[in-house]
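Work through the exercises below with the model open. Each task is followed by a stepwise solution.

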Amino acid sequence: MYEELNILIQAQYPLVYLITSEEERAEQAIAGLVQQKPPRRLYIWTVTHGIVEYGQPRHTTQHNTVSPEAAIEWVIRQREPSIFIFKDLHPFIDSPPVTRWLRDAVANFKGTQKTMILMSPLQVVPAELEKEVVVLDYPVPDLTELNKVLSRQLEQTRTKRISTEGREKLLKAALGLTEDEAEKVFRKAHVTRGRLTEAEVDIVLSEKKQITRRNGILEFIEEAETLDNVGGSDALKTWLRQRANAFTERAREYGLPQPKGVLLLGVPGCGKSLIAKATSRLWGLPLLRLDMGRVYDGSMVGRSEANLRSALRTAESLSPTILFIDELDKAFAGGAGSADSDGGTSSRIFGSFLTWMQEKTSPVFVMATANRVERLPGEFLRKGRFDEIFFVDLPNAEERQDIFRIHLAKRRRDITRFDLEQLATVSDGLSGAEIEQAIVAAMYEAFADDREFTQLDIIAAIKATWPLSRTMSEQVSALRDWARQRTRPAAISDAEYQRLEF
């Protein structure tokens, strides 16, 4: 980004929008650029102090430049080669006078050595300026920059020695944090345990959980379940196990590309969400749930798009990670066709997310689930968005036995008194979730009678259940018909899949 910004300034681009929450770090980087030939002066505007030259006391503010309009007018009048940083202009940028003054500034800057940089944590660009502005994301510190922060902290705490391996683990744990966040968490680790070694990695990682909480759109999920607790879907589980080390350096050296993601389609209650959560444990990667409901925000124009970009940047900063989107069909129902109902917000968010999925290079694995395939925009289903699309069907008899075994073993040590084969037979048409609820219902029945639940209790609960496969048989049949020739069955091995005749 530093080189890109330098090129834009040298090429006399008049307007740059720099998205960052690290004002001080970005200022220092830009201050280094103004020293290059031809040398430029650097001014900074805030709504609290007006325009102040960089490095000068705040009381030296230029007269009457607190309002955005007056500040931009002052900038236009300057003749010297300069860079003007405007901090947090986004609340005012949609104002017609401010938009007009910015367009006047762009026209005035042509052929001059003047550049205006709008620095903000949110991207708000009016339609009138879309053709004039270049938008840049200021990246979080890399390992080299974080190493300087760690070295300063080690020096301040007078830590005499830390191994090379310990330093590397701390730095990798801090990757994705800002300089300020990294400095604070290093201090926190030292205050908590009186030292700063690789043993404090867990404290550093805890800061990443705080990032997702502050973001408000992503949720950090800690899951105790493993794939062994998922009944059926053997082919899908094999596919996931084969990619358990896909994000390692050894995989890169082997020549393997980083996996992009997987879409799990299927009947509700068949374990799609559970598989996504168990994958986090299998791969040893953090699981972040993207709540699309929180992305949409009608309080300010452009806020919803900014929310999505912020969430995706956070996920990338914490990578390698798994980004989990549950019920994708509800999150993006309508997609590009909803422009009339919400002013195009859904359409823009949908397009931004598709572009990110297609072009992302960061190790963020998208794991999405969906129940209603007809609600999904066709763009989601084409090759290149996901590595594979699996169909998770209702469990067969063998899988139902496996599901009964898992749920009964969770609740009782000895399950030999249950006839799993009979249970699997009478539960034909039930999903995994419905099987679990039948066991729970049987346990409540027996608990109320102050006795141990039995095989007959479970069978009675199954008989009293109206499964989704019956109440919504037309929808389930249509989903199966669609998936038969368009997806990979989650329960069929690769060898069996290759032998299928479509």
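**Exercise 1. Lay out the open sheet of 7 strands and place the helices that pack on it.**

Solution. The model is predicted.

Step 1: write down the strand order. The open sheet of 7 strands runs 7-9-10-11-8-12-13, and its pairing is mixed.

Step 2: find the edges. Strand 7 (218–221) and strand 13 (488–489) are the edge strands, each pairing on one side only.

Step 3: check one pair inside the order. Strand 10 (residues 321–325) pairs with strand 11 (residues 364–370) in the parallel sense, over 5 bridges. Leu323 has Val366 of strand 11 as its bridge partner.

Step 4: add helix 9 (residues 234–242). Helix 9 packs on the sheet and touches strand 8 (261–266), strand 11, strand 12 (388–392) and strand 13. The direction of helix 9 makes about 150° with that of strand 12.

Step 5: add helix 11 (residues 272–283). Helix 11 also packs on the sheet, touching strand 8, strand 9 (287–290), strand 10, strand 11 and strand 12. Its direction makes about 160° with that of strand 11.

**Exercise 2. Describe the surroundings of strand 4 (residues 82–87).**

Solution. Step 1: which strands pair with strand 4? Strand 2 (residues 41–46) runs parallel to strand 4 and is joined to it by 5 bridges. Strand 5 (residues 114–120) pairs with strand 4 in the parallel sense over 6 bridges.

Step 2: fix the register. Ile44 has Ile85 of strand 4 as its bridge partner. Phe84 is partnered by Met116 in strand 5.

Step 3: sort the side chains. In a regular strand, side chains alternate between the two faces of the sheet. Here Ser82, Phe84 and Phe86 point one way, while Ile83, Ile85 and Lys87 point the other way.

Step 4: are these residues buried or exposed? All are buried, and the strand counts as mostly covered, with 6 of its 6 residues buried.

Step 5: trace the connection. Strand 4, helix 4 (residues 96–109) and strand 5 form a β-α-β unit, which is right-handed.

**Exercise 3. Classify the packing of helix 5 (residues 143–156) on helix 6 (residues 164–174).**

Solution. Step 1: take the geometry. The two helices, helix 5 and helix 6, pack at an angle of about 120°, and their axes are 10 Å apart.

Step 2: name the arrangement. At that angle, helix 5 is therefore oblique to helix 6.

Step 3: assign the hand. The crossing of helix 5 and helix 6 is right-handed.

Step 4: list the contact. Helix 5 contributes Leu143, Leu146, Asn147, Leu150, Ser151 and Leu154. Helix 6 contributes Arg167, Leu170, Leu171, Lys172 and Ala174.

Definitions and conventions
Residues numbered from 1 in each chain as written. Predicted model: local features only at pLDDT ≥ 70, side-chain atom pairs only at ≥ 80, totals over all residues. Heavy atoms only, no water. Buried < 20%, exposed > 50% of the residue type's maximum accessible area, 1.4 Å probe, protein only. Helix = DSSP H or I, 4+ residues; strand = E, 2+ residues; numbered from the N terminus. Pairing = 2+ DSSP bridges. Right-handed = clockwise from strand over helix to strand, strands pointing away. Axes fitted to C-alpha atoms, helices over the stretch in contact; angles between N-to-C directions. Parallel < 35°, antiparallel > 145°, perpendicular 65-115°, else oblique. Left-handed = near helix turned anticlockwise from the far one by under 90°. Contact = heavy atoms within 4.5 Å.
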